[in-house]
Amino acid sequence: NRVADWCIGKLRAEHRQPFCLFAGFCSPHAPFYAPSRFYDLYPPDGIQLPAVRPGEHARLAASARELTIGWPSPRHEWMRRSNLDRDVVRAYLATVSFLDGEVGRVLDALYRGPNASYTVVIFCSDNGFHMGEKERWGKQSLWEPSTRVPLIIAAPGATEGALVQEPVGLIDLFPTVVELLGAPAVGGLDGQSLAPLLRDPNAELKRRFTITTYLPGNHAVTSEYYRYIRYSDGA
């Protein structure tokens, strides 16, 4: 709440010079705290658990198990045995809805203020989170539940409500902002501007895949249709 309140105060003022405002929310993140009214949105008997195939980890290479089992997150067997899996999923959903409300408050302040017509808005997250998928509770994997994040960009001249199928990465945000602001392009970057996709959701980018790295030698390459993971031991 305090993050949103601070941002709202800044957005109510008129800015005669270009400004950049970051709103960094810690939800959803363990521990999953949210006001009780957001838990009420998700009755316990209505919680649906993600599909899990038993024994997923038994088929993994040693390096993959090291990444996904050897880190301090609750074990899937413990979650099931303790009957906490539905409670954790419910708590996660509640914190997501809590965050939605706080983001909505910030956006309402922007659109009711004097800066909305020329302000670029970018909404994103740092990582995803497993809710039991592939017998994993937490992040720290190269699988899609960990590496896929929300990314929404609203900007003057952008196609409203468009859904882009091209795989992009957070590394692309800096060159995108540079182009949207009309600033001189910066060379030597690994990221690429997403401004063409904002103008035309069907535009093709020069690089049509993303790379995610977690710890040395572990990489995931994602294209529109395929996902390839290679671990440090070659698996």
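Where is the place of Glu56? In this predicted model, in which local features need pLDDT of at least 70, side-chain atom pairs count only at pLDDT 80 or more and totals for chains, interfaces and linings use all residues, residues are numbered from 1 along each chain as its sequence is written. Side-chain values use heavy atoms, with hydrogens and water left out.

Glu56 lies in the loop between α2 (36-39) and α3 (62-68); helices (H or I, at least four residues) and strands (E, at least two) are DSSP runs, numbered from the N terminus. Glu56 counts as buried because its relative accessibility is 10%, where buried means under 20% relative accessible area, exposed over 50% and partly exposed in between (1.4 Å probe, protein chains only). Apart from its neighbours within four places in sequence, Glu56 is in contact (heavy atoms within 4.5 Å) with Lys134 and Glu135.

The largest nonpolar core (a set of buried Ala, Val, Leu, Ile, Met, Phe, Trp, Tyr and Cys residues joined through side-chain atoms within 4.5 Å) has 14 residues, of which Phe32, Ala34, Val88, Met131 and Trp137 touch the most other members. At least two residues of this core come from each of α2 and α5 (85-112), and α5 gives the largest share, 6 residues. Trp137 also contacts residues including Ser73, His76 and Gly132, its neighbours within four places in sequence being left aside. A second, separate core of 9 residues includes Ala64, Trp143, Ala220 and Tyr231.

In helix α7 (residues 173-180), Leu173, Pro175, Thr176 and Val178 are buried. The buried residues of α7 pack against β1 (121-124), β4 (151-154) and α8 (195-199). Gly182, just after α7, takes a positive phi of about 75°.
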